[in-house]
Structure formats: structure tokens, C-alpha cells
Amino acid sequence: MTEKRKRAALAVSLVAAALALGCVAALLVDHFVTLGAEAAATTRIEALELEVGTDASVATRIEAERERVTQASLARQARGGRLAWLLLGLSSLAVATGKVWASTRPTPSPSLERLQAAAVEPTLGLVGERRPSAPLATEPDAEFVDCLVRRLGPSRETAIPLLQAIQNHFGYLPDEALQRVCETTEITPAQIAGTSSFYAQFRRSPVGRHVVRVCHGTACHVAGATRVDDELRRHFGIRPGEDTDPDRRVTLDAVACVGCCSLAPVMMVGDETAGRLTPAAARNILDETLVEP
Ligand code: FES
């Protein structure tokens with residue numbers, strides 16, 4: 001519907017509602033005016049009835065007065081009926097055009113907080129974080145994306161919560177999932193590219209089965225974090241410029257201080273912290289972690 005028609009529907013609705021209110025006011029005024037007139041006529045008739053005993057001609061005036069009251073009552077009923085029908089018609093018109101106008105109003109976009117709250121559903125996992133107990137999905141799953149879109153909505157404002165939930169589910173943003181998002185929402189590939197590259201939390205490449213956060217804060221750097229990192233890269237065959245080994249067993253995540261500098265150098269495997277590392281000790285810890293079921 002065009003903007004002009006929307007405005008016309010709103011105008012008709014408002015005018016009809018105003019006229020309907022006018023009808024209600026007219027009915028009320030007519031009712032009270034008639035009541036006053038009838039009371040006055042009754043008073044006059046009662047006064048004439050007192051005179052009728054001494055003057056027979058008064059009977060004719062009483063009869064005329066009663067006839068006038070009767071005609072006034074009939075006229076009031078006729079006016080009331082017409083006003084009631086008019087009121088009904090105007091009310092219906094106001095409601096119908098009001099509904100037309102309301103149906104064309106844009107649905108308010110859900111707030112980012114609400115969208116993020118929706119994405120924190122237990123089935124989806126915590127937005128922006130990986131739950132240690134929740135295994136990552138391995139195959140891009142269109143049904144999962146469709147479920148997310150149904151839950152969060154197809155508007156452009158849902159881009160960040162959608163990407164967060166997808167990343168949480170797969171550990172990264174698979175191309176197939178992003179393509180499905182573009183097919184089923186108003187989100188464009190350009191918007192996805194911009195959002196996913198702007199926020200450091202989003203990954204475009206698969207993540208390993210274990211994410212190892214190697215601290216490169218000052219204390220750990222001085223204590224030999226680079227040597228730990230180099231050894232782990234060499235041991236797992238992680239190529240320069242990449243952070244995950246070809247078998248997707250381990251992803252090395254270089255992080256800033258994790259808050260236990262006295263144990264430097266430090267790495268975290270999931271929620272476990274390992275400190276005072278040597279390159280060999282770090283390698284052995286990860287080897288043991290990988291053989292655990
Ligand atoms: S610098 Fe590594 S834990 Fe603080």
C-alpha cells in the first residue's frame with residue numbers, strides 16, 4: 001500500500017471516529033433536552049388539570065398539550081433511531097479503516113538485547129562463547145539456520161545474533177550457513193562480510209577440536225610464550241598464517257594476559273590452565289589431552 005493510501009485510511013478512520021463521538025454527544029443531548037421538555041409539559045398538564053373543574057375549555061388545552069408531548073416523544077424516537085444507525089456505521093468505518101492503517105505499520109524491530117537473549121537459548125548455546133560440554137557441529141546444516149531465522153526473525157537487525165549463534169554452533173561461520181542466511185533473510189552478503197570482518201569474535205575458517213589459548217601477555221612473552229607457540233605449531237603441523245592443524249585437532253589462539261602471570265608462560269586448554277610451561281611440557285599436555293576420549 002502506498003504512503004498516500006495509508007494516510008487516507010488514517011484520515012478516514014479519525015474523521016469517522018470523531019463523527020461517531022459527535023453522534024454519541026447528540027444522542028445524550030437530545031435525551032436530556034427531551035427529558036426536560038417532558039417534565040415541563042407534565043407540570044403544565046398537571047396545572048391545567050387543576051383548572052379543568054372550573055373551566056371546561058381547559059380540557060381542550062390539556063388534550064392539545066398531551067398531543068404535543070406525544071408528537072415530541074415520537075420525533076425523539078425517530079431522531080434517536082437515525083442517530084443510532086449513523087453511529088453504528090461510523091464506528092464500523094472507523095474500525096475498518098483503522099485496521100487497514102494499523103496493518104501497514106512497520107513491525108518494530110526487536111531490540112538487540114532481546115535478540116541476543118533469544119540466541120542464548122539452551123539449545124543454541126551461549127552467544128559468543130563455546131560451551132565446553134557442547135560438541136561443535138561438523139556439517140553445515142540448513143535446517144539449523146532455518147530454525148535460527150524462525151527464532152530471531154529475517155530482518156537486517158538480526159545479523160549479529162544470527163552470526164553469533166552460527167559461530168557458537170559450528171565454531172566458525174561456514175559459507176553454506178551464511179549463504180542460507182542470505183537466502184532466507186533480508187541480510188545481504190555485503191552485510192555479512194562487513195559484520196564478520198569487523199568483529200574479532202567471528203571466524204571464517206573451521207576451528208579445531210581443542211582450542212588452545214596461548215598467552216602472549218608481557219609476563220608470558222618474557223617467560224618464553226613464543227617458544228611454546230612455535231613448538232606447538234611445529235608439532236601439530238600448523239602452517240604459517242593459520243591457527244588450526246590440517247586434521248582440525250587443535251586451534252591455537254594467541255591471547256593477551258589471562259590473569260595468572262605468576263605461572264608464566266601459560267596456556268589454557270578449554271577451561272584448564274597450564275603454567276610454567278616449557279615447549280616440551282606444552283606439547284605433552286596437548287598430546288595427553290588429544291588421547292583422552
Ligand atoms: S601475561 Fe600471561 S598470564 Fe599474564
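**Two cores and a helix crossing**

Let's start with one residue: Leu162 touches Leu148, Val149, Leu152, Val181, Thr185 and Ile187, leaving aside residues up to four places away in sequence. Keep in mind as you look around that this is a predicted model.

Leaving Leu162 for a moment, you can also pick out a separate, second core, made of 15 residues, with Val228, Ile238, Leu252 and Ala274 among them. We'll come back to Val228 shortly.

Now zoom out from Leu162 to its surroundings. The largest nonpolar core has 19 residues, and the ones that touch the most other members are Leu162, Ile166 and Val181. Where does this core get its residues? At least two come from each of three helices: H4 (142-152), H5 (159-170) and H6 (175-184). H5 gives the largest share, with 6 residues.

Next, find helix H9 (residues 225-236) and helix H10 (residues 279-291). Their axes lie 8 Å apart, and the two helices pack at an angle of about 45°. Is that parallel, perpendicular or oblique? An angle like this is neither under 35 degrees nor in the 65 to 115 range, so H9 counts as oblique to H10. If you want the handedness too, the crossing of H9 and H10 is right-handed.

So who meets whom here? On the H9 side you'll find Arg227, Val228, Glu231, Leu232, Arg234, His235 and Phe236, while H10 brings Pro279, Ala282, Arg283, Leu286, Asp287 and Leu290. Sort the residues of this contact by type and you get 7 nonpolar, 1 polar and 5 charged. And there's Val228 again: it takes part in the contact with H10 and also belongs to the second core.

Note on methods. Residues are numbered from 1 along each chain as its sequence is written. This is a predicted model: local features need pLDDT of at least 70, side-chain atom pairs count only at pLDDT 80 or more; totals for chains, interfaces and linings use all residues. Side-chain values use heavy atoms; hydrogens and water are left out. A nonpolar core is a set of buried Ala, Val, Leu, Ile, Met, Phe, Trp, Tyr and Cys residues joined through side-chain atoms within 4.5 Å. Buried means under 20% relative accessible area, exposed over 50%, partly exposed in between (1.4 Å probe, protein chains only). Helices (H or I, at least four residues) and strands (E, at least two) are DSSP runs, numbered from the N terminus. Contact means heavy atoms within 4.5 Å. Axes are lines fitted to C-alpha atoms, for helices over the stretch in contact, and angles run from 0 to 180 degrees between N-to-C directions. Angles under 35 degrees count as roughly parallel, over 145 as roughly antiparallel, 65 to 115 as roughly perpendicular and the rest as oblique. A crossing is left-handed if the near helix is turned anticlockwise from the far one by less than a right angle, and right-handed if clockwise. Ala, Val, Leu, Ile, Met, Phe, Trp, Tyr, Cys and Pro count as nonpolar, Asp, Glu, Lys and Arg as charged, and the others, Gly among them, as polar.
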